[in-house]
Amino acid sequence: MTKNSICSLDIEFSDKIEALLKPPSPQQVQEYFAQLIATRQCRGLTIKQNGDFGKGVYADIEFREGELVLKDQMLVGSQHSSNKVDCLVCSYCFRFIGSIELQIGRKLYLQDLGISSSKECVLETYSQPSKQCCADDSSNEDFMTDNDDLVACTSSSQNDKIPLPKEVIQSLMNGNLVLPYSKQFSLPTVVSCPGGCGEAYYCSESCAKVDWELFHSLLCTGERSGSSCREALVKFIQHANETNDIFIPAAKAISFTILKYKKLKAAKLEGKEQCTNPNTLEDSSFSMLLEAWRPISMGYKRRWWDCIALPDDVDYSDEASFRMQIRELAFMSLQLLKESIFDKECAPLFSLEIYGHIIGMFELNNLDLVVASPVEDYFLYIDDLPYPEKEEAEKITRQILDALGDDYSVCCQGTAFFPMQSCMNHSCHPNAKAFKREEDRDGQAIIIALQSISKGDEITISYIDEDLPFEERQALLADYGFKCRCPKCTGEGD
Ligand SMILES: [Zn+2]
Ligand SMILES: [Zn+2]
Ligand SMILES: [Zn+2]
């Protein structure tokens with residue numbers, strides 16, 4: 001299979017690629033997650049590797065209905081490129097930052113420049129239907145619907161908007177115009193990227209530092225970047241924005257592994273005298289690469305071009321050529337990434353096999369990154385004010401709402417890999433679900449018990465809309481690569 005590859009690294013490093021892609025042993029899985037659970041202080045869960053069915057998450061304690069089961073910090077994630085117009089969030093924790101005025105002013109300013117999220121229309125063809133993870137009380141359902149409209153096409157909603165004068169937009173952005181009651185919705189002050197790219201922003205110095213050390217130092221386009229060619233990096237990002245922004249989290253996964261490898265190596269060199277035998281040195285550097293790769297190795301992976309769902313507008317007879325095109329697209333992206341951050345000691349990471357599997361890991365992940373917008377909360381608050389205050393406030397806020405139109409409440413959306421949540425198996429009759437509560441204001445995945453869960457029970461979530469008829473459920477789940485055998489399906493199926 002690798003013999004006829006378009007990527008020479010696939011052939012050169014075939015044995016190392018095989019070692020990297022080998023699923024971790026049950027013991028490695030147990031050890032990795034035991035450590036993760038200990039450092040995160042999430043209680044009451046164990047992860048087990050159970051034979052043919054892969055990993056599963058089990059309750060160690062009882063959970064009551066409605067209780068928090070898991071808060072899962074993402075391993076790697078990124079905001080959708082098109083969403084960056086709508087929401088200014090911390091590039092590490094994905095909290096909204098700045099102020100209500102800045103969020104609104106910046107969005108209107110960028111829309112005025114003609115930068116819109118309409119690219120989503122093109123991107124949508126390539127992406128698998130993904131499970132939304134927001135709260136499903138009525139107000140949030142509204143905001144998911146609003147988003148669907150936006151995704152369908154931004155330009156359509158443009159008609160109902162009444163533009164604000166440029167001076168008003170400016171004064172929103174520079175803080176001269178303070179909206180009534182906005183102090184109650186204060187957001188963290190914006191911290192710029194220490195590398196000077198002017199593209200990544202943070203909620204705090206600590207988020208900026210952690211992101212720099214884990215991911216961003218190699219992928220920053222600023223002057224302090226660790227990239228060997230910033231021009232190529234800019235081209236890589238541009239290519240991703242124009243074709244499919246799933247390449248961005250994939251690049252972050254590679255950057256994460258390289259940076260971790262370098263840290264392991266530095267620690268080793270510090271601890272020991274220089275090793276003189278070149279063979280042992282090479283062996284040990286590959287074992288360090290394997291160790292650096294361990295967190296990513298825990299995610300279930302298939303090649304992107306093999307697992308991506310065939311878009312509705314592509315005929316089955318064209319499937320082979322569609323998959324070939326997807327593979328070529330990934331290869332083009334990889335060449336640009338290679339030009340920008342290639343590291344000889346981590347060369348196998350730059351093979352198309354590895355790149356394709358990393359992208360596939362994000363493609364198969366069933367949970368999106370979603371963070372509710374404080375701008376929505378703000379306007380809901382104004383709407384709920386008692387009569388005289390409301391009328392007074394709306395003298396100012398009405399024109400702003402008119403300028404924003406239907407998409408005033410767009411939430412932060414992106415792609416992420418959540419290590420523990422990704423071990424949760426699917427059921428069409430799940431006992432838990434992804435659900436963002438009022439207080440969940442960052443990019444973590446939140447899993448809540450739907451019913452009481454006993455000690456020893458497996459915790460399951462639904463990857464799809466479980467109320468769909470049997471045939472449709474099976475078709476959607478086939479995109480995830482399995483046939484559902486949950487009690488509901490075995491009852492309805494045969
Ligand atoms: Zn942050
Ligand atoms: Zn930067
Ligand atoms: Zn089922």
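C90 is a buried residue, with a relative accessible area of 0%, and in this predicted model its SG atom is one of the donors that coordinate the zinc ion (ligand 1). Zinc sites are the main topic of this briefing, followed by the salt bridges and then by a surface patch and a contact between residues that are 217 apart in sequence. A search of the whole structure finds zero disulfides, while a search for salt bridges finds 20.

**The zinc ion (ligand 1)**

- The zinc ion (ligand 1) is held by the SG atoms of C90, C93, C203 and C207, at 2.3 to 2.4 Å.
- The arrangement counts as tetrahedral because the four donor atoms subtend angles of 103 to 118° around the zinc ion (ligand 1), and a tetrahedral site requires all angles to lie between 85 and 135 degrees.
- Along the sequence, the donor residues of this ion follow the spacing C-x2-C-x109-C-x3-C.
- C93, like C90, is a donor to this ion, and C93 is buried, with a relative accessible area of 12%.

**The zinc ion (ligand 2)**

- The protein donors of the zinc ion (ligand 2) include a histidine, since H216 contributes its NE2 atom alongside the SG atoms of C193, C197 and C220, and these donors lie 2.1 to 2.3 Å from the ion.
- Angles of 106 to 115° between the four donor atoms make the arrangement around the zinc ion (ligand 2) tetrahedral.
- The donor residues of the zinc ion (ligand 2) are spaced C-x3-C-x18-H-x3-C in sequence, and both C193 and C197 are buried.

**The zinc ion (ligand 3)**

- C428, C484, C486 and C489 coordinate the zinc ion (ligand 3) through their SG atoms, at 2.2 to 2.3 Å.
- The four donor atoms here subtend angles of 100 to 114°, which makes the arrangement around the zinc ion (ligand 3) tetrahedral.
- In sequence, the spacing of the donor residues of the zinc ion (ligand 3) is C-x55-C-x1-C-x2-C.
- C428 lies in the loop between β9 (425-426) and β10 (432-434), whereas C489 lies in helix α19 (residues 487-493), so the pair ties together parts that are 61 residues apart in sequence.
- Both of these residues, C428 and C489, are buried.

**Further cysteines**

- C7 counts as buried, at 3% relative accessibility.
- C423 is likewise buried, with a relative accessible area of 2%.

**Salt bridges**

- Side chains of opposite charge can pair when their charged atoms come close.
- E67 and R43 meet through their side chains in a salt bridge, with a distance of 3.0 Å from N to O.
- This pair links distant parts of the chain, 24 residues apart, with E67 in the loop between β2 (55-59) and β3 (68-72) and R43 in the loop between α3 (26-40) and β1 (45-49).
- E67 is buried, with a relative accessible area of 16%, and R43, R64 and E67 are linked in a network of salt bridges.
- K209 forms a salt bridge with E213, in which the closest N and O atoms are 3.4 Å apart.
- Both K209 and E213 lie in helix α9 (residues 205-219), where they are four residues apart, or about one turn of the helix.
- K209 is exposed, with a relative accessible area of 52%, whereas E213 counts as partly exposed at 38% relative accessibility.
- R441 is paired with E438 in a salt bridge whose closest N and O atoms are 3.4 Å apart.
- R441 is partly exposed, with a relative accessible area of 24%, while E438 counts as exposed at 60% relative accessibility.

**Surface patch and a contact distant in sequence**

- Y109, L113 and I115 form a nonpolar patch on the surface, and together they have about 270 Å² of accessible area.
- Within this patch, L113 lies in the loop between α4 (100-112) and α5 (120-124), and L113 counts as exposed because its relative accessibility is 52%, where exposed means over 50%.
- I396 belongs to helix α17 (residues 387-404) and is partly exposed, with a relative accessible area of 32%.
- Although I396 and L179 are 217 residues apart in sequence, they are 7.3 Å apart in space, C-alpha to C-alpha.

Notes:
Residues numbered from 1 in each chain as written. Chains lettered and ligands numbered in written order. Predicted model: local features only at pLDDT ≥ 70, side-chain atom pairs only at ≥ 80, totals over all residues. Heavy atoms only, no water. Patch = residues over 30% accessible without salt bridge, like charges linked within 9 Å, V, L, I, M, F, W, Y side chains within 5 Å. Areas by Shrake-Rupley, 256 points an atom, 1.4 Å probe, with all protein chains shown as cover. Salt bridge = Lys/Arg side-chain N within 4 Å of Asp/Glu carboxyl O. Helix = DSSP H or I, 4+ residues; strand = E, 2+ residues; numbered from the N terminus. Buried < 20%, exposed > 50% of the residue type's maximum accessible area, 1.4 Å probe, protein only. Donors = N, O, S within 2.8 Å, 3.2 Å for Na, K, Ca; no water. Tetrahedral: all angles 85-135°; square planar, octahedral: opposite > 155°, others 65-115°. Disulfide = S-S within 2.5 Å.
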